[in-house]
2 protein chains.
Amino acid sequence: MSITSDLLRGHTDTIILRRLMHQDSYGYEINKYIQEKTNGEYELKEATLYSAFRRLEEIGWISSYWGDETTGARRRYYTVTSTGRKAYEQNMKDWEQAKYLIDALIKEGGE
Amino acid sequence: MSITSDLLRGHTDTIILRRLMHQDSYGYEINKYIQEKTNGEYELKEATLYSAFRRLEEIGWISSYWGDETTGARRRYYTVTSTGRKAYEQNMKDWEQAKYLIDALIKEGGE
DNA sequence: TGAATGTAACTAGAAAAACTAAGTACAACG
DNA sequence: CGTTGTACTTAGTTTTTCTAGTTACATTCA
């Protein structure tokens, strides 16, 4: 992993929500997805991912069900709830604002 | 504070370094600067700021000295070291990459 | 005069998120 | 039948930020 996780911290929930808005999914798949999408530059540690699932389910942004795999390892699928969808939209707005603020605070120029 | 600190987390050090690259400064001033620059949208809590100073001084990115105020509250000034300068440049690169990665992971479009 | 406000730094202890470092279980493949 | 891949889980730790204070001096103004 080349990019420090501190920079991605705070985005874990949004990343998960986004993926679940595309389709119901499960931990292992989401993890692989992130690695592929970022060409291995970033990966969520399993423990991080699964504890995020637990947190998000507790606050009602996602819900889960066991898949009906007849073969292979069992999978716990997650769905995003309507509350979760709203949270995603809000997080996106916050992110746009954060990008702007961070740029203002860390870039050259400006007294 | 309107923006969640989780999104700014990880940028505290860079914000401080940037400010010190402009001029030697001290905690209170940096705090006020951030509030003004962001129109009150964001503020570093004092404890956060001072513990960041301690951390950065420990790893040698900044160093400090007492100001020679003859009146008013004493000030501890901080300077950025050459190591700190390099760290700032690296952090900026990481941030540019992080922006790109985060956008790729949380935005619509893309399977 | 003395109460409030502003400047300035500091601390102890708690919380949250992510981490390390495991373990369990099943399937496939050579 | 040993290794690799899929898939989930947990215990305990680290790091950063937070809450909630304290101390100290200066100025303002009622």
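In which helix of chain A do E96(A) and K99(A) both lie, and how many residues apart are they? Both belong to helix α5 (residues 82-106) of chain A, and they are three residues apart, about one turn of the helix. The model on display is predicted, and the tour below starts from this pair.

**Stop 1: helix α5 and its salt bridges**

Select E96(A) and K99(A) and display their side chains. They meet in a salt bridge, with an N to O distance of 3.5 Å. The two partners differ in exposure class: E96(A) has a relative accessible area of 35% and is partly exposed, whereas K99(A), at 13%, counts as buried because the limit for that class is under 20%.

Keep K99(A) selected and add D103(B). These two residues also form a salt bridge, and their closest N and O atoms are 3.0 Å apart. This contact passes from one chain to another, joining helix α5 of chain A to D103(B) in helix α5 (residues 82-106) of chain B.

**Stop 2: R55(B) and D13(B)**

Move next to chain B and select R55(B) with D13(B). Their salt bridge has its closest N and O atoms 2.9 Å apart. It links distant parts of the chain, since R55(B) sits in helix α4 of chain B and D13(B) in helix α2 (residues 12-22), 42 residues away. R55(B) is partly exposed, at 39% relative accessibility, while D13(B) is buried, at 17%.

Before leaving the salt bridges, return to the first stop and add K107(B) to the selection. E96(A), K99(A), D103(B) and K107(B) are joined into one network by salt bridges that share partners. Over all chains, the structure holds 12 salt bridges.

**Stop 3: DNA strand D**

R55(B) also leads to the DNA. One of its polar side-chain atoms lies 3.2 Å from a phosphate oxygen of DNA strand D. Two backbone contacts come from chain A: a polar backbone atom of R76(A) is 2.7 Å from a phosphate oxygen of the strand, and one of R74(A) is 3.3 Å from a sugar or linking oxygen. Colour the helices at this surface: α3 (27-37) and α4 (46-58) of chain A, together with α4 (46-58) of chain B, are the elements that give two or more residues to it.

Now select the whole surrounding set. DNA strand D has 24 residues around it, and the closest are Y28(A), Y50(A), R75(A), T12(B) and T48(B). By class, seven are nonpolar, eight polar and nine charged. Of the strand's atoms within 4 Å of the protein, 67% belong to sugar or phosphate, and the rest to bases.

**Stop 4: DNA strand C**

Which residues are closest to DNA strand C? They are T12(A), T48(A), Y28(B), R75(B) and R76(B), out of 24 residues that surround the strand. Zoom in on T12(A), where a side-chain N or O atom is 2.5 Å from a phosphate oxygen of the strand. The side chain of R9(A) places an N or O atom 3.0 Å from a sugar or linking oxygen. From chain B, a backbone N or O atom of G27(B) lies 3.2 Å from a phosphate oxygen.

The elements that give two or more residues here are α4 of chain A and, in chain B, α3 (27-37), α4 and β2 (76-80). Select α4(B) last, as it gives the most to this surface, with four residues. The surface near DNA strand C has eight nonpolar, seven polar and nine charged residues. Sugar or phosphate accounts for 72% of the strand's atoms within 4 Å of the protein, and bases for the rest.

Key: Residues are numbered from 1 along each chain as its sequence is written. Chains are lettered from A and ligands numbered from 1 in the order in which they are written. This is a predicted model: local features need pLDDT of at least 70, side-chain atom pairs count only at pLDDT 80 or more; totals for chains, interfaces and linings use all residues. Side-chain values use heavy atoms; hydrogens and water are left out. A residue is near a molecule or strand if one of its heavy atoms lies within 4 Å of it. A polar contact is a pair of N or O atoms within 3.5 Å; within protein, one must be able to donate a hydrogen and the other to accept it, and residues adjacent in sequence count only if both atoms are side-chain atoms. Ala, Val, Leu, Ile, Met, Phe, Trp, Tyr, Cys and Pro count as nonpolar, Asp, Glu, Lys and Arg as charged, and the others, Gly among them, as polar. A salt bridge is a side-chain nitrogen of Lys or Arg within 4 Å of a carboxyl oxygen of Asp or Glu. Buried means under 20% relative accessible area, exposed over 50%, partly exposed in between (1.4 Å probe, protein chains only).
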